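Please open the structure in your viewer and keep the sequence beside it. The tour below moves from one selection to the next, and each stop says what to select and what is there.

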Amino acid sequence: MRKVSVSIGICAYNEEKNIGKLLEQLLRQRTNVVDIREILVISSGSTDRTDDIVRQFSEKDSRIKLIRQERREGKASAINVLLKNVSQPVCVLESADTIPSIDAIEMLCRPFLDPQVGMTGGRPVPINSRDGFMGFVGWLLWTLHHRISLKNPKMGELIAFRRVVDAIPEDVVVDEYYLQTVIRGMGYRLVYVPEAIVYNKAPSSIADFLSQRRRIYAGYLQAKNKIGHMPSTMNFIDTLCEATHIAFQSPSRLPAILFAMALEAVARLLGVYDYYRGRRHHIWQIAETTKNLELA
């Protein structure tokens with residue numbers, strides 16, 4: 001049977017609340033054609049127990065390795081360290097504040113049996129309760145991303161790609177989108193894999209939501225300047241159509257949908273302001289309410 005050999009990379013900064021749960025779940029992955037050869041954790045200037053927790057796991061499983069950056073230099077810098085150290089032809093990149101479903105890595109990497117596939121992306125699913133307002137906003141955001149990605153893939157949170165890129169610019173904010181654009185430009189096919197579910201935690205405060213979304217939008221404006229276009233999830237017409245469809249399905253949610261769209265509009269305006277005044281977001285403020293996932 002043909003196998004897909006992969007390296008998993010995790011870029012972490014002060015992730016003591018989640019890194020152990022993430023590593024535990026990666027070690028429990030159900031695989032068939034996918035062979036997880038190594039799990040590299042790039043810890044960038046962590047000052048909490050992140051490094052100690054990773055070392056404890058590395059003593060139990062030799063595939064887990066800690067690579068420490070003395071200073072926090074941004075996620076793109078950590079990705080470049082990862083790219084210099086991975087040994088397998090396919091690299092999985094998972095956010096340190098997420099937890100994959102039990103067969104996510106298998107689902108995510110199986111498409112690489114096709115040599116034309118250059119990159120795949122999983123489906124982020126927030127664990128927040130939809131009963132609260134911010135929980136619904138998080139659910140709405142990722143549901144819109146999912147529906148749009150079914151038509152035009154946009155990768156994030158959990159991705160896998162062939163090792164055809166040596167490095168990315170260290171000031172890049174939206175690293176997954178930059179990789180996606182470069183790999184597509186090489187002629188490879190992108191595949192969105194909704195069965196590869198990765199759980200995350202959406203911001204549960206308006207302040208964290210605005211901080212996160214303004215940074216991302218400023219990053220997309222930067223990417224547009226570098227590569228000429230924005231991702232599919234930033235297309236206003238497509239987003240409005242999908243949001244309208246959800247509103248028709250759940251009319252009682254219309255006020256919350258409208259308010260969520262207003263919040264997103266404010267975040268984008270702030271992102272425009274940040275971009276044109278030259279504010280750099282490649283080292284960003286942590287959104288504390290997105291940490292510490294608890295899964296049943």
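With which side chain does Glu176 meet in a salt bridge? Select Glu176 together with Lys75, whose side chains meet in a salt bridge with N and O 3.2 Å apart. This pair links distant parts of the chain, since Glu176 belongs to helix α6 (residues 175–185) and Lys75 to helix α3 (residues 75–85), 101 residues apart. Both Glu176 and Lys75 are buried. Please keep in mind throughout the tour that this is a predicted model.

**The whole chain**

Zoom out now and colour the chain by secondary structure, which comes to nine helices and eight strands. The C-alpha atoms fill a box of roughly 50 × 40 × 40 Å when it is taken along the principal axes. For 296 residues, a compact globule would have a radius of gyration near 19 Å, and the 18 Å of this protein agrees with that. Of the 296 residues, 56% count as buried, while the accessible surface comes to about 13300 Å², with 51% of that area belonging to carbon and sulfur atoms. If you display contacts between residues with a separation of 6 or more, 83% of them are accounted for by residues 24 or more positions apart.

**Further salt bridges**

The structure holds 17 salt bridges, and the next one to select is the pair of Asp51 and Arg68, whose side chains meet at 2.5 Å, N to O. Asp51 lies in helix α2 (residues 50–60) and Arg68 in strand β3 (residues 64–69), so the pair ties together parts that are 17 residues apart in sequence. The two partners differ in their cover, for Asp51 is buried with a relative accessible area of 7%, whereas Arg68 is partly exposed at 32%. In general, side chains of opposite charge can pair when their charged atoms come close.

Move on to Arg279, which forms a salt bridge with Asp274, the closest N and O atoms being 3.5 Å apart. Here Arg279 counts as partly exposed at 37% relative accessibility, while Asp274 is buried with a relative accessible area of 0%. Add Arg214 and Arg277 to the selection, and you have Arg214, Asp274, Arg277 and Arg279, which are joined into one network by salt bridges that share partners.

**Cysteines**

Select Cys11 next, and show the sulfur atoms of the cysteines. How many disulfides does the structure hold? There are zero disulfides, and for Cys11 the distances give the reason: the closest cysteine sulfur, in Cys91, is 8.7 Å away from the sulfur of Cys11, which is too far for a bond. A disulfide would need the two sulfur atoms to be within 2.5 Å. Cys11 counts as buried at 13% relative accessibility, whereas Cys241, another cysteine to select, is partly exposed with a relative accessible area of 47%.

**Two backbone angles in loops**

Go to Asn14, which is found in the loop between β1 (4–12) and α1 (19–27). Most residues other than glycine have a negative phi. The phi of Asn14, however, is near 50°, a positive value, and this residue is partly exposed with a relative accessible area of 26%.

A second example is Glu157, in the loop between α5 and β7 (158–162). Its phi is near 70°, again a positive value in a residue other than glycine. Is Glu157 buried or exposed? Glu157 is buried, with a relative accessible area of 18%.

**A patch on the surface**

Turn to the surface and select Phe133, Ile206 and Phe259, which form a nonpolar patch with about 250 Å² of accessible area together. Within this patch, Phe133 has its place in helix α5 (residues 133–151), and Phe133 is partly exposed with a relative accessible area of 31%.

**Last stop**

Finish by returning to helix α6, where Gly185 has its place. Gly185 counts as exposed at 67% relative accessibility. For a last distance, add Arg37 to the selection: Gly185 and Arg37 are 148 residues apart in sequence, and their C-alpha atoms are 28 Å apart in space.

Note on methods: Residues are numbered from 1 along each chain as its sequence is written. This is a predicted model: local features need pLDDT of at least 70, side-chain atom pairs count only at pLDDT 80 or more; totals for chains, interfaces and linings use all residues. Side-chain values use heavy atoms; hydrogens and water are left out. Patches are made of residues with over 30% relative accessible area and no salt bridge: like charges are joined within 9 Å, nonpolar side chains (Val, Leu, Ile, Met, Phe, Trp, Tyr) within 5 Å. Accessible areas come from the Shrake-Rupley method with a 1.4 Å probe; for residues, only the protein chains shown count as cover. A salt bridge is a side-chain nitrogen of Lys or Arg within 4 Å of a carboxyl oxygen of Asp or Glu. Helices (H or I, at least four residues) and strands (E, at least two) are DSSP runs, numbered from the N terminus. Buried means under 20% relative accessible area, exposed over 50%, partly exposed in between (1.4 Å probe, protein chains only). The radius of gyration is taken over C-alpha atoms; the globule rule is 2.2 Å times the number of residues to the power 0.38. Contact means heavy atoms within 4.5 Å.
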